[in-house]
Amino acid sequence: MIIVNKYLPIPKQTESEFWTVDRVEHIRKLSMSAEPFEIFKSRRDSLRILDRVEFKIAESKVVKNPSASTGLSFSGIDMTSPLYLGDMSYGALSGNPNVAIAEAADITGTLAGTGEGGLHPDVAKHKRIFVQWASARFGVDVDVLNAGLGVVIKIGQGAKPGIGGHLPGSKVTEPISKTRRIPVGMDAISPAPHHDIYSIEDLGQRIEALKELTGKPVFVKVAATNYIPYVVSGIARMKADGVIIDGHGAGTGATPSVIRDNVGIPIELAVASADSVLRREGLRQNFTIIAAGRVADSTDAAKLIALGADIVSVGTGALIAMGCVMVHKCHIGSCPTALTNKIDGTRYMDLEFGTKMLVNFVRGFSLELSNILDNLNLSTISELRGRRDLLYGYGLSRDTLEILGIRGEVEELNPKIGELWTKRRKNALHDLINKGEPSITSMGSTAPPDVEKPARILDWLRSDGAQVTRPSIDPYREDIDTSFLLKGGDIYISLPMMFDVNGANQEFTNAIAWASLALGTLVFTTNAIPSFEEISLSSDGKGVASWSNRYQPDSYIILEDMNELEELANEGEVPGFILDEDVIGEDLELIVSEADRRLKDAGVRNRYDLLAKSSKLRDSSDVFKLIALGSDTVIMPYSILEVAIGEGSKGNLKERAFNLIAGMRKEIALLAGSAGIYSIQSSLTGNRELLRAVNLNSYVARKIGVRQAGSL
């Protein structure tokens, strides 16, 4: 057995990472010394919104014995510092870390969340815990609910909005089996919605019942998604004591990468908008907001409190304090630091080491927060709450500054500043072609625009995650219709996507055509492919449908410029239009949005198909967002298969092409289920309300008709 009782070296980071070496080292310095180290660090070169918000200060001094108080009280609970130590389940973590977190909360007078995995018996001995009541109710009974100071109804979380928890079966060993009350080796996949909560009124009944049962404060945990101001307002009206808002980028033990990277909005926008609505509706008093998701240091915490939070949740930061080196392998069960590994007797984190480091971290963090208050000439943490006047934004869009409610220097950023194919995207596709299943990953997102630089307008857009007011649909247990009817119902395809095989060699062409036939979609080609004519959208008249570069009745036409659209629509003799980014020379997002709007304004949208095409499309999230912007089907480049294979063997091409298309279909279904959509064609096409922009150039956001994240 290996006992981990010291910090391991931080691996060299070869990819973009939010938890950079300097952030990890800062946490380690606090954890080893319990003393304040650094505050007000400027990170304006980051694209993360919170990093571009700074306090207006004359000087920055750090002393070992600051005078300001970080203590607060809410719902009859006293805290020495506004720190809530995550919601990490027994199973996602490996036992000893769960105990260390609970012990640290008791020692420091803060709070700890238990997550949804039942209650570890050694955690139950501690009192400063909030017990979670989640959709699967793993291991939950009346004794568990009464074990701590409060109860959390978990509706959603930031790393996987709109889907349930996911603990791979490989990590469900005997101890987890007993605690969660499920068979050894079985995947523990929580339902996406609570099956007794389908409305805000249902939620109100659960809140009342749990208060009656326990006599304790009841909080509701939700992901930061499109309607977060209204969701939080509803939670407050239903007499909950508070809310935990979990922002995009929050960590997790396991989640589909397509959900982690594309759903939900940043915590700073969610907190600011939720606080504004609660104040406007007269609901803010005696209601507590806990802000979660990428709280990296005391300066992040202070900014979120100034934007309207009462308390901040530190999850990944707590793991780093106990030794996490950010290898993103929590779901596999082979964590080198024994924090998230499979409980099989081979590796354990030393409990004394983990507890000591975490206690020191909380104390150092709190002293830094007290120093921030001193520098702002405030004497208590409560004086900081909602003080947006102390903040100033740098390099943020006009819309973003308005949502945050702060002043600042406006900068409308160029939407295309990154590389199209990052290592992360390539790895996800490589995983897809080998397994045919959505890639499962762990920890927080590294996706654009917060970490990686955006390469397309699509990279600034986030999809919605349904919760409470519009329940999500469980893609693991329910069928989601990804099919589309084209050409007035004459053509059926199983998913809103086909591949352009023009320019591909014969081997790739045949593999993609074979997989497309097997999975019920089309291929886009100049000449119909022999033996695959029935699925060829070709220009030679031999396929199931035709396309042309010039007007031909009953043939899809590739537009050369947008001015042709209405003229040809008035003719009424074409089934639809192919919007090719490479031909028109504008961003596909703008083209699709404009075409959809023009046809809707003319009252003829349902008569025509819009097929979006580009050589610069990459994955299923691009498809999903383009459908929401107004496309009926997306024509993807065959080169995606080449990118997915990379330098590896080109054997089994048919199987890999099949896995690629089947996997992308499942990912589209995941995104749809998360957003609460049963039918892609009827509910997603042109439904821009399911998208939000994250600090996207205000002019571009208006042109594509997408509202900014956090807007009401």
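Which element gives the most to the lining of the largest cavity? Keep that in mind while you open the structure, which is a predicted model, and begin with the enclosed spaces.

A search of the whole structure finds 8 cavities of 30 Å³ or more, and the largest cavity holds about 560 Å³ of space. Select D87, M88, Q157, G251 and T252, which lie nearest the centre of that cavity among the 41 residues that line it. Next, colour β5 (83–87), β9 (166–167), β12 (242–246) and α10 (316–321), each of which supplies at least two residues of this lining. The answer to the opening question is α10, which gives the most, with 3 residues. If you colour the lining of the largest cavity by class, you will find 15 nonpolar, 18 polar and 8 charged residues.

Move now to the second largest pocket, whose volume is about 360 Å³. Select E17, T20, R23, S46 and V451, which lie nearest its centre among the 20 residues of its lining; by class, that lining has 4 nonpolar, 5 polar and 11 charged residues.

The last stop is the cysteines, where a search of the whole structure finds 0 disulfides. Select C324 together with C330: C324 is in no disulfide, and the sulfur of C330, the nearest cysteine sulfur to that of C324, is 6.4 Å away, whereas a disulfide needs the two sulfur atoms within 2.5 Å. Then add C335, which is likewise in no disulfide and for which the nearest cysteine sulfur is that of C330, 6.4 Å away. C324 counts as buried because its relative accessibility is 10%, and C335 is buried as well, with a relative accessible area of 8%.

Technical notes:
Residues are numbered from 1 along each chain as its sequence is written. This is a predicted model: local features need pLDDT of at least 70, side-chain atom pairs count only at pLDDT 80 or more; totals for chains, interfaces and linings use all residues. Side-chain values use heavy atoms; hydrogens and water are left out. Buried means under 20% relative accessible area, exposed over 50%, partly exposed in between (1.4 Å probe, protein chains only). On a 1 Å grid over the protein atoms alone, a cavity is a set of points where a 1.4 Å probe fits but cannot get out, and a pocket is an open set with protein on both sides within 12 Å along at least five of seven lines; lining residues have an atom within 4 Å of a point. Grid points are joined across faces, edges and corners, and a volume is the space filled by probe spheres set on the points. Ala, Val, Leu, Ile, Met, Phe, Trp, Tyr, Cys and Pro count as nonpolar, Asp, Glu, Lys and Arg as charged, and the others, Gly among them, as polar. Helices (H or I, at least four residues) and strands (E, at least two) are DSSP runs, numbered from the N terminus.
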